[in-house]
Structure formats: structure tokens, C-alpha cells
Amino acid sequence: MHSPFTILRNRAPLLWLGVTLNRAGRDRRALADLRALSAETGIPLIAINDALYACPDARPLHDILTCIREKTTIHKAGRLLAANAERYLKPPGEMARLFHDAPEAIAEVQRLINSVNFDLSHLAYEYPHEPVPRGYTPQEWLEALVTRKARKRWPEGMPDGLQTLLDNEFGIVGRLGYAAYFLTVHDIVRFANKSGILCQGRGSAANSAICYVLGITSVDPVKHKLLFARFMSEKRGEVEPPDIDVDFEHERREEVMQYIYKRYSRDRAGVVSTVIHYRPRSAVREVGKALGMTEDVTARLAGLVWGSFGSKPDEARLRGAGFDPDNPEIARLKALSEQIMEFPRHLSQHVGGFVLTENRLDETVPIHNAAMENRTFIEWDKDDIDALGLMKVDVLSLGMLTCIRKAFAMIEALGTVPCGQSPLRLDNVPDQDDAVFDMLCKADTIGVFQVESRAQMSMLPRLRPREFYDIAIQVAIVRPGPIQGNMVHPYLRRRGLAQKGQKAFDFPKPALSYPQDELEDVLGKTLGVPLFQEQAMKLAIVAAEFTDSEANELRRAMATFRNPGTIHKLKEKMTGGMIRRGYDPEFAERCFKQIEGFGSYGFPESHAIAFARLAWISAWIKWHYPAIFAAALLNSQPMGFYAPAQIVGMARGHDVPILPIDANHSDWDNQVTPDSATSTVEGLALRLGLRQIDGFREEWAKAMERQRPFASIEDMARRAGLPKHALKLLADADALRSLGFDRRDGAWEARRAVPVQLPLFAAAHAAELAPEPEMHLPAMHLGEHIAADYQTVRLSLKGHPMQILRPIFASEGVASSAGIAASRNGSPGQVAGIVLVRQRPGNGKAIFVTLEDETGVTNIIMWARTFERYRLAVMSARLMEVQGEVQKSPEGVIHLMAHRIIDRSPLLATLSEVHKPNPQISRADVFAHPQAPRHARTGGHPRAVRTFPKSRDFH
């Protein structure tokens with residue numbers, strides 16, 4: 001009978017004894033022990049490097065990474081760190097020298113390498129076999145399903161050209177074998193529709209007639225002449241599977257995800273992971289912490305970086321923030337944080353990409369349990385599954401869909417749906433309304449999807465949209481791609497001529513042997529400027545004779561902003577092809593330069609149209625139902641650019657009365673209520689909800705809704721079962737007015753309230769309490785009320801912080817926003833306000849900041865050199881003063897070109913302390929619901945002192 005060791009000696013090795021020699025002091029003894037064990041067991045020795053870094057110089061960085069992983073500092077790490085720098089990748093000569101006593105261990109390395117024959121193709125993948133009726137293949141069922149839906153939707157016959165597109169797509173889908181994929185996405189969308197969850201496909205899938213007829217997307221590819229090759233082609237399909245992106249309501253997407261898990265089981269479905277890399281801010285924070293620096297120092301250093309993808313702090317920025325770049329610790333932090341950039345930081349979940357398989361998924365890739373309950377995800381990221389050809393179903397979330405669904409529900413509940421449109425859906429909202437277009441032309445777009453940024457607001461009065469397709473152009477044109485491709489100004493110039501009835505542009509002609517109107521067919525909708533990726537592809541196919549596969553290569557080269565494109569490699573083919581067809585070389589060069597801009601960021605036309613649909617619907621709701629729109633926005637937070645204060649200010653600008661939070665009248669959600677005094681079209685007022693109180697819980701609010709009305713604080717605490725903390729939050733939010741208490745008195749009474757107890761114990765406790773004397777608390781002045789409002793509910797109906805600070809700024813000659821708006825073009829201007837938004841779009845040559853005061857908003861523009869000079873003030877100020885030059889465009893766009901920036905944030909800390917413009921102001925005056933002027937905007941950003949944090953940065 002053979003021993004196991006004898007069997008091992010007679011077989012090719014499947015097990016090795018690894019030996020590493022890292023000069024730890026016991027190398028020779030360890031090697032001798034392992035050689036003896038190898039001789040005894042027959043398991044061969046193999047030399048391993050056990051490398052942790054490339055070269056010895058990287059050892060300090062590895063120590064820092066060890067400290068980050070172990071959540072300690074370099075001063076406390078001790079034996080967690082290696083004793084020397086020998087864990088580097090040693091060259092062959094050094095390895096041979098180290099193992100001169102065991103050459104067989106070196107030889108075994110080559111034997112192991114020669115035995116490895118794994119290839120990625122060994123990871124077989126099979127897409128799920130979607131269930132289809134008996135007698136059908138997936139392809140036949142897809143065609144039958146599309147045909148049935150088309151007949152139901154167009155009983156009198158499909159639109160011209162749609163059947164031709166469908167036949168072409170059916171052929172490509174059938175030859176590539178992707179029918180089951182379309183059936184999967186259709187089933188997910190069907191579930192969402194059945195569950196009342198709004199959803200809409202976007203991205204290149206909106207080029208597909210199949211997706212349009214199945215209801216996956218709402219974009220008509222016939223009407224908009226979209227290019228299916230942008231989504232799928234035979235050449236592309238062989239190496240790159242299709243990718244259908246569908247947006248669902250962000251509050252209910254989890255229902256859709258759990259449906260997928262239930263339908264396919266967790267053994268066959270998993271969310272794709274995403275590798276999160278170190279960016280400047282996270283690198284500075286974590287390296288600084290590992291070096292033992294305090295949180296205030298690392299936060300200040302991280303604050304020098306704009307956004308997640310900002311550049312590293314240079315010496316000038318460090319000095320400007322009060323740090324000495326020559327300080328050894330600061331220099332060490334700077335060097336190490338630069339080295340760690342782009343290193344993987346942690347594994348996270350993809351925003352919604354599912355991988356589905358017919359067989360067990362864990363036979364292909366490991367599956368992990370996510371931190372979130374009932375979520376599992378795979379170990380590979382998007383690039384990994386692309387390399388293996390695994391198909392992904394994207395179940396994405398969109399806050400605006402939540403907002404629209406809630407607005408639709410409120411409109412339906414009021415019974416004010418436009419005639420013939422009930423129930424409201426994404427595809428039946430009227431798409432032509434002059435009043436809505438007028439609102440868009442005035443840039444009254446706070447809260448409107450995709451066109452609410454300051455850059456978009458500046459563009460709207462210049463572009464002046466008058467039809468739906470104009471909104472698609474508006475959505476797409478304010479992007480880094482069109483901006484860097486120098487497409488914006490030529491388009492606006494030509495559009496201005498066209499709106500005046502003048503000839504906007506003469507399309508260059510090819511040689512006479514080619515169709516003379518070929519460019520007009522491609523670029524006519526955008527006046528000769530290729531604004532969309534599909535147009536770039538069509539231009540290459542038509543004018544430069546690219547094949548479909550070459551056009552797809554062009555599409556792949558037009559990478560997104562996070563991955564520099566490779567479009568420059570196609571320059572010679574593109575320009576050369578156009579010149580051969582007779583186009584002017586200068587025109588060919590200009591076309592390529594414009595298309596090259598998509599290497600930074602450009603939209604597919606189908607994606608722009610899909611987003612334009614949501615932009616239009618949100619604008620339509622805002623104009624016709626401003627109170628409902630504001631309530632839906634507030635109930636869907638967090639989303640969008642603007643804080644609750646600006647949303648409430650927007651509603652006031654549309655003459656919507658705003659009713660304060662009140663324990664006897666407010667529900668958890670913000671609600672609309674009939675108000676005969678309002679002049680709005682809908683005749684509704686907005687009642688703020690208890691959800692606006694920071695820290696208040698939904699279960700407390702629901703208990704209050706069931707037990708109302710309340711006669712006293714004690715009554716509310718007892719019947720609704722509220723703890724003392726809930727009573728304190730209500731008092732601090734000034735929500736006890738209907739019970740006879742203002743903010744300060746209410747806080748005192750809430751402190752005295754008896755906790756919820758059993759009757760026997762409550763009576764005993766009451767007997768023990770000595771009666772307290774009546775307290776006469778001083779009235780809070782207006783500044784205190786405003787500061788407290790922002791601290792508790794992130795907005796104030798009583799006033800704006802700037803109206804309290806106005807005497808200070810007026811004495812310094814600082815104008816209000818209204819004063820800037822009334823100034824002459826070219827005149828010097830000086831304004832101060834709460835910072836709402838900071839933006840640095842495109843290539844970052846211009847920076848946009850929006851300031852707000854009690855009279856409105858001022859748009860600030862500064863060049864990059866000004867920003868760098870005042871970087872710390874621009875990035876950290878909550879209350880900002882700007883000095884510059886007033887600039888007004890013929891379209892009525894007003895902004896202040898900044899020359900100097902001053903951080904006046906310390907003044908916010910004084911709101912509740914020293915500014916008492918009228919100490920005799922009565923409580924009745926303070927608490928009276930002020931009907932603000934129509935264009936006044938309530939203010940700022942959540943919290944002042946703790947009250948006004950940094951504004952939202954978008955870049």
C-alpha cells in the first residue's frame with residue numbers, strides 16, 4: 001500500500017511549498033526547514049518573491065497604505081509595518097543570488113508557468129433562456145410581441161418608415177442572437193409599469209425602433225431620424241454586446257432590483273461592481289490622517305481641490321491656505337498623496353448594472369453580500385465584463401422621475417388633469433405650449449430637469465426654444481464636448497439668423513458625382529453643426545465614406561470625460577475621405593475639430609431627446625402647477641442643484657402662498673391645499689411638511705397625522721407617543737404655533753413635558769413634580785428667528801439672512817442683486833450674497849457662482865486666473881462678496897464679471913447675536929406670514945453657523 005507522499009512523488013505537482021527570502025534574519029534556517037519538509041513529503045519547493053511594491057523606494061508609500069487599511073497612524077503602527085524594504089519586485093539575477101542554496105526552487109517557477117494554459121475564453125457564459133410561449137423561439141416571440149404592440153398602438157397602421165426600421169433591426173438582432181436580451185428588458189419595464197413605477201430608457205438604446213415599440217423608450221427613431229448603428233451593428237455586436245439603460249424612480253428602484261433577484265435568483269443575478277480609485281480629495285484626507293495630522297488640517301487641505309476630479313494642490317495654493325510647502329510634514333503629505341492618486345481605494349457597487357446568467361453565476365465570478373440588505377454583487381467591474389463579453393442590464397435611478405410621478409399623483413387627486421390626458425403619462429403630456437416655452441426663454445428653470453444650472457440658464461434666452469427639438473439641443477449644447485469643439489457660438493449665430501428669416505448657412509458641396517444635399521440631410525436639423533454623436537457618425541459615413549464598423553470605431557473614440565478619447569487617430573482618414581469627395585480641406589479640418597470635442601463629453605442625440613422629454617414634462621408641470629411642482633421636488637429630495645430654500649423661493653416667485661410647518665396641520669410630506677387668495681393658475685398653497693425638520697422621523701409624523709388635532713403639547717406627546725426629542729425638534733422648528741407657543745416658549749414647554757408613561761407611573765411622577773413658576777421669556781428678534789429656521793428646517797419664511805446683514809453692506813457701498821440688475825452695462829459692481837452653486841464646466845476656463853440675497857440672485861463669472869488668485873475664498877465662502885464689472889447681453893442675460901472675491905462668512909455667525917434692527921418688534925410681526933414680493937427668493941443654504949454649510953459644487 002502506497003503512502004500519500006509516494007503518490008505525490010509519482011505525479012505532476014499540484015501543490016508547492018513556497019519559499020520567500022526577505023532578509024528577515026531567519027532566512028537560512030527557514031530555507032533548511034522547508035527543504036527538509038520537501039524531501040519528506042515530495043512536495044517541491046518554489047521560489048516566490050512575495051512582492052508588495054515595485055522598488056525599494058515605494059516602501060514609505062506601502063507603509064502609509066498599511067496604516068490606512070489598519071485605520072491607524074504611522075506613529076502607532078509598530079509591528080504592523082515591515083522591518084525592511086525587501087518586499088519589492090526583484091530582478092532574476094537577484095532572485096538567483098538569494099536562492100543559490102536552492103536552485104531547484106528557481107527551476108520550479110518555470111515548470112509552474114509552463115503548466116498554466118488558462119485563457120479568458122475558458123470562462124463560458126450563457127445568457128438566460130427567457131421563457132417564451134410554446135412553439136416560439138426567442139427571436140420569433142420578440143417579433144410577435146413587437147408586432148402585437150405596434151397594432152395596438154397604431155390600429156390604423158404604423159407610421160411610414162417604422163416597419164422598415166423594425167425589419168432591419170430584427171435581422172441584426174436575430175443574426176447576433178440578442179432576442180432574449182430585449183425580452184429581459186421588456187419584462188423589467190413591464191413589471192415597473194404594472195407596479196406604477198415611472199421608467200424611461202435613455203442612451204443609445206433610444207435609437208432602436210424595437211425599444212420604442214416595446215415601450216422601453218419614448219423616443220421615436222423615425223421622427224428624429226436616429227441611427228441604429230449608434231446602438232447596435234453586426235460588426236460591433238460581435239465584440240461588444242448591446243447596452244440598454246433604463247431609468248426608474250430613485251425612491252422605488254429597489255423594488256425593481258428585488259424583482260430581478262426574485263425572478264432569476266441570487267445564484268444567477270448579481271450587480272456589477274465598480275472599483276473606486278483615489279482622487280485628490282480622498283488621497284489628501286486619508287494620507288494626512290495616516291501621517292497623524294488633525295481633521296481640521298486635512299479638511300482644509302482637501303478643500304483646496306475642486307470636486308472629485310480636481311487637480312492636486314500646488315505650492316501657491318498651499319501658501320494661500322496658510323501652509324508652508326517647505327514644511328517636512330506638508331511636503332511628505334503632498335508627495336505621498338500624489339503617488340497614491342488613481343490607486344484602487346475600495347470595491348463598490350455599480351449604479352445599477354446587472355449580470356444575468358442561465359447557469360450559476362458563481363461558477364464564473366465570485367459573488368459578495370453587499371452592506372445593503374438583500375443586495376449581492378459580483379467581484380468584477382464594468383471593464384472586466386466587457387472584456388469577457390458578459391451582457392449587462394442597466395437598472396438606473398433618476399430623481400426627476402420620482403418627482404414627476406408624485407406630481408402626476410397630486411394632479412390626478414385634484415381632478416385638474418387637462419382634458420383627454422387622464423391618467424397622465426410620460427408620453428401624453430402635451431408637447432406644444434407657448435406659455436411653457438415663454439417660461440423657458442426667460443430662464444425661469446429652477447428645478448426643471450437638465451436646464452436648471454447657471455450655464456443652462458445663461459444659454460436659454462440666447463437659444464430661445466420654441467419647439468421640442470430645441471430642448472434636445474439645449475440639453476446637449478451646454479456640455480464640454482460642444483464647448484471645446486467650438487460648436488456653441490456658430491450654432492447660436494446661425495440660429496439667430498434663421499429666427500430673423502435670414503439664410504443661416506450654405507452647406508458645402510461635394511464633387512458633382514456625389515449627392516449635393518448629403519450634408520444637409522445629416523446636419524440640417526442643427527444648422528450645419530454636428531452637435532450629436534450620431535451626426536458625427538453619419539457625417540463620417542456620408543462625407544468620408546466610413547464603413548459601419550469604422551463609424552463604430554469613431555463612436556468608441558468619442559470617449560466620455562473620464563477617459564481621454566483616441567479620436568485623433570482617425571483624423572487622416574476622416575479629413576482625407578472628405579477631401580477625396582471634393583470638400584474644401586479647411587471645411588474638413590473644421591468638421592474634425594468639432595467632432596474631436598466629443599472626446600471630452602458629448603451626447604448621443606437619442607439620449608438628449610430622452611432627457612429633453614423629462615425636461616419638457618417638468619417645465620410643463622412647473623408652469624401649470626407651480627405649488628404641486630414645488631411640493632413634488634421637496635418630497636423627492638435629495639436631487640438637483642438647489643436646496644429647499646431655493647425651491648420655496650421659486651414657488652413664491654410664481655405667486656404660490658407658502659404655509660409654515662405646523663404640528664396640527666403638516667403631514668410628513670409637503671402638501672398642497674386650496675387657497676382662494678392665490679393668483680396662481682391652480683389656486684393652491686404649499687404647506688411645508690414635517691420631513692423638512694432635520695432629524696424628525698417619519699413614524700413620528702405618521703403617528704401625529706392619525707391623532708390630530710391636539711390641544712396642547714402634553715396632549716400631543718401622550719396621544720401620538722412622541723419622545724421628548726421629537727417635541728424639542730418641533731419647538732426648535734417653530735411648529736407649535738397652533739398650540740399657542742412660539743419657538744422659545746415652545747422649547748421651554750417641551751422641556752417640561754412628561755415622557756410617555758403608563759397611567760399609574762405618570763400620576764406618581766406628576767405628584768413628585770413641584771409646580772414651576774411662570775416664565776416670561778424675551779421675544780426672539782428677527783435675526784434669531786431666521787438663523788434658527790435655517791438651522792432646523794434649512795429655509796425661512798420670515799426673511800432672508802441678507803436683509804438682517806443689509807445695513808452692514810449698505811454702509812460699505814455693497815449693492816443688492818436688484819441693484820446689480822439695474823446697473824448699466826460695463827459699470828463697476830459690488831454685491832454680496834449666500835453662495836448657492838459653484839460650477840466649473842468644460843475645460844474650466846470660466847467658473848460660475850450664483851449668489852442670493854433678499855432681492856434675488858446674481859450670476860458671477862470669473863476667469864480661471866481670477867479663480868486661482870482667490871481660490872480659497874471661492875471654494876470655502878458661504879457668504880461671498882464680489883467686486884467686478886456688470887455685463888448685460890442683448891438677450892437680457894445679466895452677470896457680474898468678477899475681479900475680486902472676499903469671504904464674508906464670519907458675518908453669518910452674528911445673525912442671532914448682535915443684529916437687532918428693531919428690538920421692539922412684536923411676536924405678531926415676526927410670526928405673521930409675510931407675503932414676499934413676487935420675485936423675492938427665500939434664502940441660501942441649509943444652516944447658519946452650523947446653519948450655512950458649503951454650497952453644492954458641480955463641475
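User: What phi does G582 take, just after α26?

Analyst: G582, which comes just after helix α26, takes a positive phi of about 100°. This is a predicted model, in which local features need pLDDT of at least 70 and side-chain atom pairs count only at pLDDT 80 or more, while totals for chains, interfaces and linings use all residues. Residues are numbered from 1 along each chain as its sequence is written, and side-chain values use heavy atoms, with hydrogens and water left out.

User: Which residues of helix α26 are called buried, and what makes a residue buried?

Analyst: Buried means under 20% relative accessible area, with a 1.4 Å probe and protein chains only; in α26 (residues 571–580) this applies to M574, T575, G576, G577 and M578. These buried residues pack against α24 (533–543) and α27 (585–596). Across the chain, buried residues make up 53% of the 955 residues.

User: Why is the pair α33 and α34 given a name for its direction?

Analyst: Helix α33 (residues 724–732) and helix α34 (residues 743–752) pack at an angle of about 170°, with their axes 8 Å apart. Angles over 145 degrees count as roughly antiparallel, and therefore α33 and α34 are roughly antiparallel to each other.

User: How do you know that α33 and α34 meet, and which residues are involved?

Analyst: Contact means heavy atoms within 4.5 Å, and K724, L727, K728, A731 and D732 in α33 meet R743, G746, A747, A750 and R751 in α34. The residues of this contact divide into four nonpolar, one polar and five charged, where Ala and Leu count as nonpolar, Asp, Lys and Arg as charged, and Gly as polar.

Note on methods
Axes are lines fitted to C-alpha atoms, for helices over the stretch in contact, and angles run from 0 to 180 degrees between N-to-C directions. Helices (H or I, at least four residues) and strands (E, at least two) are DSSP runs, numbered from the N terminus. Angles under 35 degrees count as roughly parallel, over 145 as roughly antiparallel, 65 to 115 as roughly perpendicular and the rest as oblique. Buried means under 20% relative accessible area, exposed over 50%, partly exposed in between (1.4 Å probe, protein chains only).
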